[in-house]
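User: Hey, can you walk me through this one? I'd like to start with how the terms are set.

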Amino acid sequence: MGDQIQFIVEKLNQEPFRKNYNLISFDSLESLQLLQLLSDVLGEIDPKHAVDIREELPEQTAKRMLNLLGILKYKPPGTVSDLSAFRQGLVTGSKPVIHPVLHWLLQRTSELKKRAYLARFLVKLEVPAEFLQDDTVADFNKQYEELMEAFKNLHKEHEQLKISGLSTAEIRRDISAMEEEKDQLAKRVERLKKRVETVQNHQRMLEIARQLRLEKEREESLAQQKQEQKSQLFHAEQRLQRAQVQLKEMQHVVADSKPESLMKKLEEEINFNSYLVTEKIPREMESKKTSVYFLQKVVTEPAMTQADVTALEREINEVNAQMNQLIEKRMMKYEPTDSKFSMYRQQASIISRKKEAKAEELQAAKEEMSSLERQVQQKSSQAHELEGSEVLTEDEFKQYVNKLRSKNTFYKKKRQEIAEITAEYGILQRTEELLRQRHEAIQQQLQAIEEKKGISGYSYTQEELERVSAVKSEMDEVKGQTLDNMSEMVKKLNAMVAEKKASLAPVIKELRQLRQSCQELTQERDEKKIQYDSCAAGLETNRSALEQEVKGLLEECAQEESNYRYINCMKRTLEIQLQRAKEEMKAYVSPDPQERRRAVREQYTRIILEQENLGKKLREKQKVVRESHGPNMKQMKMWQDFEQLMECKRECFLKQQNQAAIGQVIQEGGKDRLVL
């Protein structure tokens with residue numbers, strides 16, 4: 001408790017409060033002053049609460065503070081057993097209630113400021129359902145919810161930008177590095193200009209070189225466009241071939257498939273999906289909900305020590321031992337009928353487990369099949385990339401990025417909705433618990449009043465009598481109505497039976513004739529079905545053999561085509577490399593200095609010389625830094641010692657000031673005693 005008060009006093013003496021309290025003056029504050037101090041702290045967190053409590057009623061003050069503490073998610077400590085006691089302590093300005101609240105608020109002021117700011121925009125206004133029937137009100141409510149979601153997304157993006165932003169030091173370093181590079185490039189350009197000015201007709205040669213560079217760039221762009229068009233044409237042909245193959249396969253499947261097989265496949269898929277929807281997924285959701293509930297319960301409880309854990313383990317072992325004893329007693333008292341039922345139950349549980357296992361295996365097989373299909377697509381795309389990859393354009397890449405962003409925002413929105421539903425569920429649980437506690441307290445008060453008046457149990461007896469009389473009157477009414485309805489129903493049933501007998505007599509005669517014809521047609525259908533099955537089996541064997549042969553030929557054709565394209569690509573690359581080598585040799589052997597300067601060897605030689613010059617400059621800078629490192633470190637050490645010295649002086653001054661204040665209080669107390 002002393003550490004808590006000391007922390008509160010230190011925080012109140014700092015910015016922005018500047019209260020200049022010490023432990024004695026803070027402890028001697030009255031209840032009204034404590035409430036005003038708490039209101040000032042809440043006003044620092046939320047400016048709307050910066051008010052003078054003398055201008056409002058105590059109930060209004062308590063209500064205002066409780067609302068803000070609820071928004072800030074403050075939980076009373078374990079010493080306050082009842083919420084009404086906490087509210088009463090807040091109204092009266094009790095120190096055991098106010099001090100923990102101040103300690104909690106001053107510990108996390110910045111976090112609570114952010115939470116209070118967000119609460120102004122994210123605390124939803126509850127509109128009654130009867131008002132939402134109006135279209136205008138419903139539209140405004142929907143627009144309000146959309147704006148709230150937009151604010152959430154913008155706030156998240158703002159926080160992410162604040163976290164991921166570059167520091168000013170990094171930006172300054174980048175700017176300085178770019179300026180140095182700019183200076184080096186300017187010097188290099190000046191040197192090149194001086195060299196060129198000594199050559200005759202240098203302006204004309206520069207113009208020719210510029211035109212040559214432009215033509216080369218144009219040639220490269222045209223070659224790139226030609227390559228892109230070739231790759232697009234190739235991909236279009238590949239897509240056309242795949243579409244034609246798929247069309248043939250679909251036509252073949254439609255021609256050979258039967259309605260019965262299709263219906264059977266659809267029924268199997270529907271049964272599997274219905275099993276997932278009605279049995280498997282609800283059971284998994286229920287288990288997840290229970291696990292989430294227990295995890296939330298564990299999170300809300302205070303931290304457990306090792307002694308608490310051992311006590312819980314001991315209780316679990318005792319309960320398990322009791323369960324085992326009860327199971328043994330039950331097995332000893334088994335009857336034959338119970339054993340039969342248990343056998344059936346075991347069989348049913350085994351079947352259900354097998355069903356679940358098969359469903360999981362089927363789902364895993366489907367996932368594996370989808371993953372294999374994705375791998376096949378990846379491999380096919382890699383195979384296309386060997387002959388020229390299809391690169392996304394700028395507009396297509398922007399569309400792809402926008403699609404990813406929309407999916408990300410949709411995912412974040414749904415996750416936020418789940419979090420809000422979970423929070424609302426916790427609030428409703430807490431409200432139910434509070435209402436139950438209030439109901440129990442009212443019942444206890446009513447029982448205490450009845451005991452004082454000498455009529456204990458009067459309210460319970462009165463409620464039972466009213467309930468019994470109401471049930472009796474309802475039963476009498478139901479009996480009278482039931483008798484009347486039964487008599488009328490018997491008359492109607494007799495009349496209906498007579499009418500149905502008269503109307504069904506000719507229909508029964510016709511039905512007998514139709515049954516005979518149905519039996520004859522069924523025999524004929526069975527004979528035709530046997531003939532059809534034998535013919536279909538022969539055709540199926542022939543079709544499977546032809547399919548295997550066609551498949552082998554297609555694979556051989558695809559392999560030969562891939563070999564041809566691979567050899568063609570290798571030939572192209574070798575020709576390009578040979579052409580580059582010839583041009584390099586021609587430029588290197590040429591007597592023209594301009595032609596020789598364009599050779600790769602000459603370019604690399606110039607780059608090496610420039611890098612060597614740059615290395616010399618950097619070594620000179622390193623030497624200067626090493627020479628000035630010692631004096632700079634010594635100066636930094638002197639400043640650190642000076643800072644420590646001033647910190648010690650400040651601490652000594654504060655201690656002397658506190659001792660003077662305590663001595664003054666002690667002297668005043670001694671004077672009061674002498675006066676007495």
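Analyst: Sure, burial terms first: buried means under 20% relative accessible area, exposed over 50%, and partly exposed in between, with a 1.4 Å probe and protein chains only. This is a predicted model, where local features need pLDDT of at least 70 and side-chain atom pairs count only at pLDDT 80 or more, while totals for chains, interfaces and linings use all residues. Residues are numbered from 1 along each chain as its sequence is written, and side-chain values use heavy atoms, with hydrogens and water left out.

User: Ok, is Glu179 buried or exposed, or in between?

Analyst: Glu179 has a relative accessible area of 47%, so it counts as partly exposed. Glu179 sits in helix H10, residues 168-197 (helices are DSSP runs of H or I with at least four residues, strands are E runs of at least two, numbered from the N terminus).

User: And how many helices and strands does the chain have?

Analyst: The chain has 18 helices and zero strands.

User: Switching to Asn141: buried or exposed?

Analyst: Asn141 counts as buried because its relative accessibility is 15%. Helix H9, residues 135-164, holds Asn141.

User: What is Asn141 in contact with, leaving aside neighbours within four places in sequence?

Analyst: With those neighbours set aside, Asn141 is in contact with Val127 and Leu132 (contact means heavy atoms within 4.5 Å).

User: What percentage of the chain's residues count as buried?

Analyst: Of the 676 residues, 11% count as buried.

User: How about contacts across the chain?

Analyst: Among contacts with a separation of 6 or more, 61% come from residues 24 or more positions apart.
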